[in-house]
Amino acid sequence: MIGDKKVLFSGMQATGNLTLGNYLGALRNWVTLCDEYECYYSVVDMHSITVRQDPAVLRKNARRLLMLYIAAGIDPDKSILYYQSHVSAHAELAWILNCFTYMGELNRMTQFKDKSAKHADNINAGLFTYPVLMASDILLYQADVVPVGIDQMQHLELTRDVAQRFNAIYGDVFTIPEAYIGKVGAKIMSLQDPSKKMSKSDENPNASIYLLDDADTIRRKFKRAVTDSEGVILYRDEQPGIKNLLDIYCACTGKTPDEAVREFDGCGYGVLKEAVGDAVVNVLVPLQERMKELEKDKAYIDRIIRQNAERASYTAMKTLRKVQKKVGFPERVR
Ligand code: TYM
């Protein structure tokens, strides 16, 4: 709690191009929640280096991601948007919390299993302890709520477990955070394989809609989306491709799945694909226009980066100092 507002924390990795999944599963909810909470939105660049990165590309992506937060509708004078690497308390708390997290817990993380299978030549310790850094991100700000997509739930459960363990030993140090999962769009699937989630790192560009794809590309990707041979438009697990298209449609138009099914009753898949393409274009094109404006204003973005890092550090340091004292680190002599 800061003042009379509860605290919200969330972050995204500055890796690759943001997808419609990131937008509908997380970013969109960040925008709707930002007036109600005291918000911290981080570009989690320290998480990105668990997979090998080209330094120049990472730097460029990180800045672009921060601008996308603003282009999506977050007001950087009200919410705190910052780079994780600019607030050293994240790394310091992560070290401490590493000592309160069990190997067995980290071994169970599905993201670790998936990423180690994908990057078998670089299964580094950072990849393994990644969820502890994520826990530190959240706990440093005493966050009450963390809006994420379903794929991050396991990490959030771990965060709660570690926080509860720490509190049980040292008293009420950390707020125990709750996940905020949107009603629709919490798991957007690949357009080419609807059994897999839409992912920034998918090698097939037709599998994902990127937030900066132009209108023609968006429509073309939906036209090529994998469906089935049932020939009816129903919202059910037996038709994962159609269900995913309906989910995207509902998330972009605010309609419920029932309403959408009624609307497309008797239509062919082509009609649905076209309508979904249009709905997504309507949401993404305004965001892209704002992005173009922001790209012109270097000084404005630089100011946000500088000021917000200081604001974030101030809050983070308060928690870090408290934790350091609790675990027995000697006090600073002035
Ligand atoms: P990341 O960067 O993979 O994804 C950012 C956000 O997008 C959501 N998301 C999706 N939602 C719906 N459908 C999809 N296909 C889809 N793909 C991604 C994710 O759930 C996430 O909310 N570890 C985190 C970043 C992180 C973080 C944090 C998040 C680091 N520290 C603290 C919250 C709080 C990650 O890799 O997200």
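**Exercise 1. Find the volume of the largest cavity, then describe its lining.**

*Solution.* Start with the size: the largest cavity has a volume of about 80 Å³. Keep in mind that you're looking at a predicted model. Next, list the residues around that space. The lining is made of Gln13, Ala14, Gly16, Asn17, Leu18, Asn61, Arg64, Leu65, Leu68, Leu211 and Leu212. Now sort them by type: you should get 6 nonpolar, 4 polar and 1 charged. Watch out for glycine here, because Gly counts as polar in this sorting.

**Exercise 2. Work out how many cavities of 30 Å³ or more the structure holds, and say which helix gives the most to the lining of the second largest one.**

*Solution.* First, the count: there are 2 cavities of 30 Å³ or more. The second largest cavity contains about 40 Å³ of space. Its lining consists of Met109, Gln111, Phe112, Leu127, Tyr130, Pro131 and His155. Then match these residues to helices. Both α6 (110–118) and α7 (125–140) supply at least two residues each, but α7 gives the most, with 3 residues. Finish by sorting the lining: it comes out as 5 nonpolar, 2 polar and no charged residues.

**Exercise 3. Sort the lining of the second largest pocket into nonpolar, polar and charged residues.**

*Solution.* Begin with the volume of this pocket, which is about 250 Å³. Then pick out its lining: Arg321, Gln324, Lys325, Phe329, Pro330, Glu331, Arg332 and Arg334. Sorted by type, that's 2 nonpolar, 1 polar and 5 charged residues.

**Exercise 4. Describe helix α1: its span, its kink and its N-terminal cap.**

*Solution.* Step one is the span. Helix α1 covers residues 20–33, which makes 14 residues, and there are 19 Å between its first C-alpha and its last. That's close to the 20 Å expected at 1.5 Å a residue.

Step two is the kink. You'll find a bend of about 35° in α1, centred on Ala26.

Step three is the start of the helix. Thr19 caps the N-terminal end of α1, with a side-chain oxygen 3.1 Å from the backbone nitrogen of Gly21.

**Exercise 5. Explain why α1 can be called largely enclosed by the rest of the structure.**

*Solution.* Find the buried residues of α1 first. They are Leu20, Gly21, Asn22, Tyr23, Leu24, Gly25, Ala26, Leu27, Asn29, Trp30 and Leu33. To make this list, a residue needs under 20% relative accessible area. Now put that against the whole helix: 11 of the 14 residues of α1 are buried, so the rest of the structure largely encloses this helix.

**Exercise 6. Decide whether Gln142 is buried or exposed, and find what its side chain contacts.**

*Solution.* Locate the residue: Gln142 sits in the loop between α7 and β4 (145–147). Check its relative accessible area, which is 16%. The cut-off for buried is under 20%, so Gln142 is buried. Now look at the side chain. One partner is the backbone oxygen of Val173, reached at 3.0 Å. Another is the side chain of Thr319, in a polar contact at 3.5 Å.

**Exercise 7. Place Ser208 in the structure and say how far in space it is from Asn122.**

*Solution.* Ser208 belongs to the loop between β5 (178–180) and α9 (215–223). Its relative accessible area is 0%, so Ser208 is buried. For the last step, compare two kinds of distance: Ser208 and Asn122 are 86 residues apart in sequence, and 25 Å apart in space from C-alpha to C-alpha.

Methods:
Residues numbered from 1 in each chain as written. Predicted model: local features only at pLDDT ≥ 70, side-chain atom pairs only at ≥ 80, totals over all residues. Heavy atoms only, no water. 1 Å grid on protein atoms, 1.4 Å probe; cavity = no way out; pocket = protein on both sides within 12 Å on 5 of 7 lines; lining within 4 Å. Points joined across faces, edges and corners; volume = space filled by probe spheres on them. Helix = DSSP H or I, 4+ residues; strand = E, 2+ residues; numbered from the N terminus. Expected span 1.5 Å × (residues − 1). Bend = angle between axes of the 7 residues up to and from the residue. Buried < 20%, exposed > 50% of the residue type's maximum accessible area, 1.4 Å probe, protein only. Polar contact = N/O pair within 3.5 Å; in protein donor to acceptor, adjacent residues only side chain to side chain.
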